[in-house]
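The following exercises are to be worked through with the sequence and the model at hand. Each task is followed by a stepwise solution.

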Amino acid sequence: MNTKNEVTGLFSTRVMIIDDTLEDIIIVKRAIQKLDPKCTFNYVFDGDEAIKILEEVRSVPDKLPHFIFLDLYMPRVGGYEILDWIKNDPVLSRIPIILFSSSDSNDDILKAYNLRANAFISKQSINTNFVVTVQETYKFWAQTAAVQA
């Protein structure tokens with residue numbers, strides 16, 4: 001029998017992390033696991049792989065991520081392209097996308113929101129509190145905001 005997750009109220013929180021930096025993936029994953037050890041992760045190192053995985057699971061609702069942490073600058077297919085692709089898909093567009101970037105450029109922030117990012121968090125502005133920021137972001141999307149289960 002499925003039981004609800006005590007942290008999120010969902011049956012099983014699914015998070016996708018798309019980042020080409022292994023260190024950042026590990027930090028995000030560990031930060032979330034401290035809050036929610038039952039959270040499941042799908043992490044990928046580039047946009048091509050992310051798109052392939054999302055295409056595979058887009059028709060299987062219980063495999064879709066509840067939200068995505070997305071790095072902006074990656075080789076080959078970058079964060080803007082992934083964001084645009086997701087937000088233009090009728091099924092995937094409902095998934096909240098949280099952009100993490102080393103950039104704090106107003107142009108990057110504006111472009112991200114124009115492409116319908118749900119949040120933009122600059123790694124530069126939170127460098128010393130990155131773990132806390134990840135945890136607070138997770139708590140907001142997993143506990144406060146209503147996301148599709």
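**Exercise 1. Locate Asp 89 and describe its surroundings.**

Step 1. Asp 89 sits in the loop that joins helix 3 to strand 4; helices (H or I, at least four residues) and strands (E, at least two) are DSSP runs, numbered from the N terminus. The model is predicted, so local features need pLDDT of at least 70 and side-chain atom pairs pLDDT 80 or more, while totals for chains, interfaces and linings use all residues. Residues are numbered from 1 along each chain as its sequence is written, and side-chain values use heavy atoms, with hydrogens and water left out.

Step 2. Asp 89 is classed as buried because its relative accessible area is 12%, the limit for buried being under 20% (exposed is over 50%, partly exposed in between; 1.4 Å probe, protein chains only).

Step 3. The side chain of Asp 89 comes to 2.8 Å from the backbone nitrogen of Leu 92.

Step 4. Between Asp 89 and Arg 58 there are 9.4 Å from C-alpha to C-alpha, at a separation of 31 residues in sequence.

**Exercise 2. Determine whether Thr 137 is buried or exposed, and identify its partners.**

Step 1. Thr 137 belongs to helix 5, residues 130-144.

Step 2. Its relative accessibility is 9%, and therefore Thr 137 counts as buried.

Step 3. A polar atom of the Thr 137 side chain is 2.7 Å from the backbone oxygen of Thr 133.

Step 4. Apart from neighbours within four places in sequence, Thr 137 has contacts (heavy atoms within 4.5 Å) with Phe 69, Ile 98 and Ile 121.

**Exercise 3. Describe the largest nonpolar core.**

Step 1. A nonpolar core is a set of buried Ala, Val, Leu, Ile, Met, Phe, Trp, Tyr and Cys residues joined through side-chain atoms within 4.5 Å.

Step 2. The largest such core has 26 residues, and Ile 18, Ile 68, Leu 70 and Leu 99 touch the most other members.

Step 3. At least two residues each come from strand 1, helix 2 (47-57), strand 3, helix 3 (79-87) and strand 4 (97-101). Helix 2 contributes the most, 5 residues.

Step 4. Beyond four places in sequence, the contacts of Ile 68 include Met 16, Leu 54 and Ile 86.

Step 5. A second, separate core holds 20 residues, among them Ile 32, Cys 39, Val 134 and Ala 142.

Note on methods: Polar contact = N/O pair within 3.5 Å; in protein donor to acceptor, adjacent residues only side chain to side chain.
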